[in-house]
Amino acid sequence: MVLHGPGPIEGGPLRVEDVDPPVPGVGEIRVRVSACGICRTDLHVVEGELPARRAPLIPGHQVVGRVDALGSGASRFALGERVGIAWVRWTCGACGFCRTGRENLCERAEFTGWTADGGYAEQAVVPEAFAYAIPAAFGDAGAAPLLCAGIIGYRALRLAAVPSGGGLALYGFGSSAHITLQVARARGVEVYVCTREPRHRALARALGATWVGAAAEPLPVAVEGAIIFAPAGELVPAALRSLAPGGTLALAGIHMSDVPSLAYADLYRERVIRSVANNTRDDGEGLLREAARIPLTPEVTTFPLADANRALGELKRGGFAGAGVLLTDAARGV
Ligand SMILES: [Zn+2]
Ligand SMILES: [Zn+2]
């Protein structure tokens, strides 16, 4: 599914095309894709809210498949082994951020489905050092949303620093939030979910949310941490007011509308606002380990790969709860 230029998803900017199979370079592997999760970031790329970094582009950065070719020097994975490809595709390894465990901030980083072709395709390549082994606890479709929704939620949860037995507020309840809730519940955290969509509310309740309400409603208690998943800056003041003193509000999206002016009293008493940028490979390995141990159960709605425009349109409208995942013909047995 190829993007030649951004446009409203309703106009079908992704086109089915035959392209040459990608060739793995030095240290790279090629993956025969079975499943690729859809992410709000894909929607931002396809609709142009994130500036295009290349054209044409194949989006998609939650890719699960099997290794079908090894580039020169690649030896970490065997042919046929199941692997995942995530958003961070390469970092320089040499800059101050990379050398201090913060490769998520590397200014030369490359990103799957944005600066390089991604997984809305039958094959994709990735440097082997940035691929992940997929735990056996998950099927292909169930594993796909772990690779961005899961990893970014996991990092946001870490930055929000909620102690066991503490309270966590989630604003917006899409793919990432529904995985983050499960990790938080397994850690003994009480979760409060603010979302409008009735089917998102129902899923939050089913997964063990302590309370579900609207963003403007005051929470029944002050919480130690909060995460905003919705790309809506206007949620920031309400989320800050839900925090206990010393609490942290993490902003999990790569794109957000402007944040309105804040009353200092809402921030005072050492409340913290942190954005979440990308992830390190440690975040990815940590999420996959913890997800398999729980084991958490992603709620997945699948679409044929060729229906990527429709799938992203449904994501935009809140048409399904949990995660959307594209399946290739090979995975669908077609
Ligand atoms: Zn770097
Ligand atoms: Zn993503």
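I began at the zinc ion (ligand 2), whose protein donors I found to be Cys39 through SG, His61 through NE2 and Cys148 through SG, at 2.0 to 2.2 Å from the ion. I keep in mind that this is a predicted model, and that water is not among the atoms, so the site may look incomplete.

I then looked up how these donor residues are spaced along the sequence, and noted the pattern C-x21-H-x86-C. Cys39 sits in the loop between strand S3 (28-37) and helix H1 (40-47), while His61 sits in the loop between H1 and strand S4 (63-70), so this pair ties together parts that are 22 residues apart in sequence. I also checked whether the two are covered by the protein, and entered both Cys39 and His61 as buried.

Next I turned to the chain as a whole, for which I counted 10 helices and 17 strands. Its radius of gyration is 19 Å, close to the 20 Å that the globule rule gives for 334 residues, so I recorded the chain as being as compact as a globular protein of that length. Along the principal axes, I noted that the C-alpha trace spans about 55 × 45 × 35 Å.

For packing, I found that buried residues account for 56% of the 334 in the chain, and that, of the contacts between residues at least 6 apart in sequence, 71% join residues at least 24 apart.

Last, I looked at surface and charge: the accessible surface of the chain comes to about 13900 Å², with 50% of it belonging to carbon and sulfur atoms, and the mean positions of the 32 positive and 33 negative charges lie 4 Å apart.

How values were computed. Residues are numbered from 1 along each chain as its sequence is written. Chains are lettered from A and ligands numbered from 1 in the order in which they are written. This is a predicted model: local features need pLDDT of at least 70, side-chain atom pairs count only at pLDDT 80 or more; totals for chains, interfaces and linings use all residues. Side-chain values use heavy atoms; hydrogens and water are left out. Helices (H or I, at least four residues) and strands (E, at least two) are DSSP runs, numbered from the N terminus. The radius of gyration is taken over C-alpha atoms; the globule rule is 2.2 Å times the number of residues to the power 0.38. Buried means under 20% relative accessible area, exposed over 50%, partly exposed in between (1.4 Å probe, protein chains only). Contact means heavy atoms within 4.5 Å. Accessible areas come from the Shrake-Rupley method with a 1.4 Å probe; for residues, only the protein chains shown count as cover. Lys and Arg count as positive and Asp and Glu as negative; His and the chain ends are not counted. The place of a charge is taken as NZ of Lys, CZ of Arg, CG of Asp or CD of Glu. Donors are N, O and S atoms within 2.8 Å of the metal (3.2 Å for Na, K and Ca); water is not among the atoms, so sites may look incomplete.
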